[in-house]
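Got the viewer open? Keep the selection box handy, and let's walk through this one stop at a time.

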Amino acid sequence: MQRMRFAWIAAVGAVLAAAVAGAATAAHTSSKDVTLNLVAYSTPRPVLTKLIEEFRKTPQGSGVNIRASYGPSSAQGQAVANGLPADGVILNTGNDINDLVDKGLVDKNWDKQSYNGVVWNSVVVFGLRNGNPKKIKGWNDLLKPGVGAVTVNPFTGGIAKWNILAGYVAQRRLGKTDKQAIEYLRRFYKNNVVSQDSSGSNATNTFLSGKGDVLLTFESEAINGKIPFVIPRQTMLIDVYIAAVTKSEHKAEWNAFSRYLKTYPAQKILAENGYRPVNKQALSEYRSKFPVRPGETTITNKLLGGWRAVDKKWFDPSKSIMQAIESSLGVSTGS
Amino acid sequence: MGRYGLRVVALGYLTLILIAPLAMMVWRTAEDLDGAWAAITAPDTIAAFELTLKVTTIAVVVNTVFGIICALLIVRGNVPGRGFLNAFVDLPLSLSPVIVGLALITLYGANGWLGWFQRHGHEIVFATPSIVLATIFVTLPFVVREVVPTLREIGTEQEQAAHTLGASGWQAFWRITLPSIRWAVVYGVVLTAARAIGEYGAVALVSGNIAGETQTATLRVEDAYQFSYGNYAPAYGIAFVLAATAILVLVAMLVLQPKGARH
Amino acid sequence: MTTFLLVVVVLPIAAVVWKSTGNGWSGFWEVVSSPQAVAALKLSVITATLAVLTTAVFGTIIAWVLVRDSFAGKSLVNAIIDLPFALPTIVAGLVIMALYGPRTPLDVTIGSFHFDADITFTRTAIYVALLFVTLPFVVRTVQPVLIELDRELEDAARSLGASGFTTFRRIVLPAILPGVLSGVAMAFARAIGEIGAIVLIAGNLPFKTEAASIHLFYRIEQDPEGASAVAVVLLAISFGVLLGIGAVRWHVTRHERG
């Protein structure tokens with residue numbers, strides 16, 4: 001009976017202690033005027049946290065509280081469609097935004113905003129091991145036997161889509177036909193891809209924990225992860241898009257935030273954190289940090305034809321090039 | 001196989017699967033105590049612990065009340081369909097947490113049957129209410145399953161005696177029934193709390209993952225891992241706190257087992 | 001009470017089943033027969049089965065040792081059996097990764113021979129994670145039976161000349177079989193739906209290490225109807241197996257019901 005009593009007292013004591021601790025550390029936000037909900041993709045969390053802080057110091061931003069949710073780009077887009085509260089989104093593929101347009105959640109003229117709806121840029125790079133022992137420089141090096149590539153699942157994370165398109169365009173630029181370029185990708189996925197994480201952040205982790213020889217990622221992610229990298233000659237200029245959600249009740253505040261992100265001070269912060277600015281002044285100031293590669297291509301290039309065309313041809317989960325490639329991987333066995 | 005052989009096999013298996021990995025995690029946490037501590041005391045982490053505490057408390061209270069009533073009905077009730085009741089109560093145990101999350105989104109999401117709330121500013125999914133609902137769902141069975149066998153064992157003589165002496169139903173319940181099942185209830189509460197604290201799959205789907213607001217402790221661990229750029233000390237640190245809580249739960253179970261445990 | 005249960009338990013499941021029919025029967029079939037879904041379901045069923053069988057064997061041995069043997073620290077060992085039950089699954093994943101992940105200390109290179117215990121991104125990772133989470137189930141259902149088992153029968157058998165193994169097979173095993181089966185059923189239901197313990201360690205290589213739960217997790221965002229269809233199939237498999245094991249158990253205990 002003594003044991004029982006002791007246990008009882010200990011349990012009650014623990015609960016009380018926890019309650020007191022909880023109460024003591026309860027963070028109370030003083031009542032702010034407005035709370036904005038930002039839904040974004042995963043990797044820019046550190047820089048966005050900084051930018052939100054800076055925004056709140058500006059006159060337009062004072063009294064504005066911003067709650068941010070981060071996750072894989074496509075997953076976040078769908079969550080907004082399912083009711084995740086959002087005043088605006090920052091996503092890294094056009095079709096994630098287009099899906100929201102089709103559902104009436106984003107205005108169809110979102111890309112007529114300043115800079116075509118783009119808030120920052122990056123490029124596709126190869127993250128490498130120290131010293132680059134496998135001497136990886138270009139896309140054909142990725143096919144070398146024994147080279148393991150870490151990438152992202154194209155059906156959940158946006159980074160993968162840019163990587164795949166960059167690989168395709170690189171092959172086309174080297175003179176291959178459409179069929180040959182797709183075959184390159186098929187061989188790459190079959191022989192060299194060792195992991196497809198759900199999001200960019202997870203892929204970076206996987207690489208940093210020792211898996212693979214090369215990480216296909218954004219330049220910004222490689223810089224922030226302090227991963228040595230090389231920008232292949234043929235690469236894609238990645239757009240990261242920002243759009244307001246139509247049913248937002250705080251459109252004025254969101255637009256203020258959105259505008260702030262494209263101003264010189266904010267873009268300077270972005271540049272310092274590894275993101276390519278869209279603002280002309282910041283861009284020219286940091287030009288040396290962000291070289292332009294001769295084979296840099298954009299999504300609107302006629303080889304690709306913009307996001308709607310790309311999405312249908314490449315990333316439709318029921319029938320598309322990537323769906324076929326991923327299915328064909330199922331034929332091989334092994335762990 | 002001789003006695004020693006069996007013992008070696010048993011302990012060897014436990015070491016490989018349970019003890020060695022656990023020891024390794026503690027070791028890794030100890031390797032970078034500063035990083036671990038910084039993560040444990042970060043505001044987002046404190047908020048996550050608070051949320052977990054809040055949700056767990058609600059789930060425990062709701063399922064204790066529900067559990068006792070349900071157990072009484074199953075053992076003593078004469079309602080038709082109590083066989084069904086028994087079966088349904090066990091349902092959450094066989095359900096994948098992912099399916100629980102899917103069910104909640106399907107039902108309460110903006111396009112769901114009960115999507116009215118979501119669309120009109122009373123967010124359920126991607127907000128705390130769905131976290132609470134998910135947790136209540138997955139912890140449903142525990143108190144019931146512990147109380148039912150105890151109720152069966154003790155029978156109804158004492159309550160009947162009380163009735164003949166003039167006690168009302170409520171008095172009999174409060175003074176006789178409840179005390180007689182209290183250790184089963186406590187044990188069930190401990191199991192409920194452990195499961196509630198540990199819930200991940202369903203909550204990962206429905207929470208909206210807003211750090212500092214709708215992240216539970218388990219989501220916070222995954223978050224710390226995801227954004228760690230390869231440095232796992234923060235994730236291990238927070239995980240260590242949860243593991244320590246689990247050990248406390250184990251101690252409670254160990255101490256209470258003779259009284260309340262019916263496996 | 002029934003309304004409470006109805007709202008909390010039945011309604012959400014009904015919604016999922018309903019949603020799965022969103023694209024009609026042909027849509028349903030198309031999704032669940034798609035190579036990726038089939039691969040994910042197969043992977044979950046196979047790893048769950050293997051893990052549960054392993055747990056059944058070792059769980060029984062552990063239960064035996066805990067009941068019949070005695071050694072220093074036994075009560076401590078008995079206590080930690082419940083750890084996988086009390087531990088959050090995501091922590092379980094990290095715990096396994098600490099020892100069997102990329103920075104494992106179990107890393108040996110002798111000349112051209114290399115062994116390391118890094119199992120991340122392999123199916124073995126899923127298997128080991130499931131071993132961890134299902135450990136308590138069989139142990140805890142067999143222990144009470146062993147405790148109550150009348151040793152006289154075994155002693156009698158032995159005195160009649162039966163070997164230890166025969167005694168086990170003919171006297172102990174039939175007695176504990178219902179308990180083993182109960183544990184197996186619960187373990188299987190748990191294993192096939194597990195997500196927290198495997199999400200970090202297994203990665204999600206489609207067709208290779210993507211379990212049904214992970215497949216569902218990401219599909220929900222893309223395609224709720226398809227996800228519901230896969231969920232319904234997973235539910236059907238779970239219930240089928242549970243019913244099957246229940247039937248076996250009923251058959252095995254028929255002599256008890258006279």
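Select chain B to begin: in this predicted model, chain B has 13 helices and zero strands. Step along the sequence and the pattern reads α-α-α-α-α-α-α-α-α-α-α-α-α. Turn on the C-alpha trace, which spans about 70 × 65 × 35 Å along its principal axes. Of the 263 residues in chain B, 54% are buried. If you draw the contacts with a separation of 6 or more in chain B, 74% of them link residues 24 or more positions apart.

While you're in chain B, pick Asn209(B). You'll find Asn209(B) in the loop between helix 11 (201-206) and helix 12 (217-226) of chain B. Check the backbone there: phi of Asn209(B) is positive, about 55 degrees, although the residue is not a glycine. Most residues other than glycine have a negative phi. Is Asn209(B) buried or exposed? It counts as buried, because it has 26 C-beta neighbours inside 10 Å and the cut-off is 20 or more.

**Over to chain C**

Now add chain C and look at where it touches chain B: 59 residues of chain C are in contact with 60 residues of chain B. Colour helix 1 (residues 2-20) of chain C, since this helix gives the largest share of that side of chain C, ten residues. Then colour by class: the side of chain C that touches chain B has 48 nonpolar, seven polar and four charged residues.

Next, zoom in on Phe188(C), which sits in helix 9 (residues 164-193) of chain C. Why does Phe188(C) count as buried? Because 28 C-beta neighbours lie inside 10 Å. Show its contacts, leaving out residues up to four places away in sequence, and you get Ala48(C), Val52(C) and Val241(C). For a distance to draw, try the C-alpha atoms of Phe188(C) and Gly246(C): they are 58 residues apart along the chain and separated by 12 Å.

Before moving on, colour chain C by confidence. Its mean pLDDT is 84, and 95% of its residues reach 70 or more. The model scores ipTM 0.86 and pTM 0.85.

**The nonpolar core**

Bring all the chains back and look for the largest nonpolar core, which has 268 residues. Select the members that touch the most other members: Leu102(B), Val221(B), Ala239(B), Leu94(C), Ala129(C) and Phe132(C). Helix 3 (residues 35-68) of chain C gives the most to this core, with 16 residues. Domain 1 (34-120 + 239-285) and domain 2 (122-238 + 294-329) of chain A also both give residues to this core, so it lies between them.

Stay on Phe132(C) for a moment. Setting aside residues up to four places away in sequence, Phe132(C) touches Ile17(B) and Leu18(B) in chain B, plus Pro84(C), Ala92(C), Ile96(C) and Ala197(C) in chain C.

**Chain A and its two domains**

Colour chain A by domain: the assignment gives domain 1 (34-120 + 239-285) and domain 2 (122-238 + 294-329). Their C-alpha centres lie 25 Å apart, and the contact takes 22 residues from each of domain 1 and domain 2 of chain A. On the side of domain 1 that touches domain 2, select helix 3 (73-81), helix 4 (94-102) and strand 9 (234-244) of chain A, which each give two or more residues. Helix 4 of chain A has the largest share, four residues. By class, this side of domain 1 divides into seven nonpolar, twelve polar and three charged residues.

Follow the loop between helix 4 and strand 4 (118-128) of chain A to reach Tyr115(A). Here is another positive phi in a residue other than glycine, near 60 degrees for Tyr115(A). Tyr115(A) is partly exposed, with 17 other C-beta atoms within 10 Å.

Now select strand 6 (residues 193-197) of chain A, which is mostly covered, with five of its five residues buried. Add strand 5 (residues 149-152) of chain A: four bridges join it to strand 6, and the two run parallel. Click Thr151(A) and look across to Gln196(A) in strand 6, which stands opposite.

Last stop: show chain A with chain B, where 28 residues of chain A are in contact with 28 residues of chain B. Helix 1 (2-25), strand 2 (64-71) and helix 7 (200-208) of chain A each supply at least two residues of that side of chain A. Helix 1 of chain A gives the most, with eight residues. Colour by class once again, and the side of chain A that touches chain B shows 13 nonpolar, twelve polar and three charged residues.

Technical notes
Residues are numbered from 1 along each chain as its sequence is written. Chains are lettered from A and ligands numbered from 1 in the order in which they are written. This is a predicted model: local features need pLDDT of at least 70, side-chain atom pairs count only at pLDDT 80 or more; totals for chains, interfaces and linings use all residues. Domain bounds come from an automatic or database domain assignment. Two residues are in contact if their C-beta atoms, placed from the backbone, lie within 7 Å. Ala, Val, Leu, Ile, Met, Phe, Trp, Tyr, Cys and Pro count as nonpolar, Asp, Glu, Lys and Arg as charged, and the others, Gly among them, as polar. A residue is buried if 20 or more other C-beta atoms lie within 10 Å of its own, exposed if 12 or fewer, and partly exposed in between; C-beta atoms are placed from the backbone. Two strands pair if DSSP finds at least two bridges between them. A nonpolar core is a set of buried Ala, Val, Leu, Ile, Met, Phe, Trp, Tyr and Cys residues joined through C-beta atoms within 7 Å. pLDDT is the predictor's confidence in each residue, from 0 to 100.
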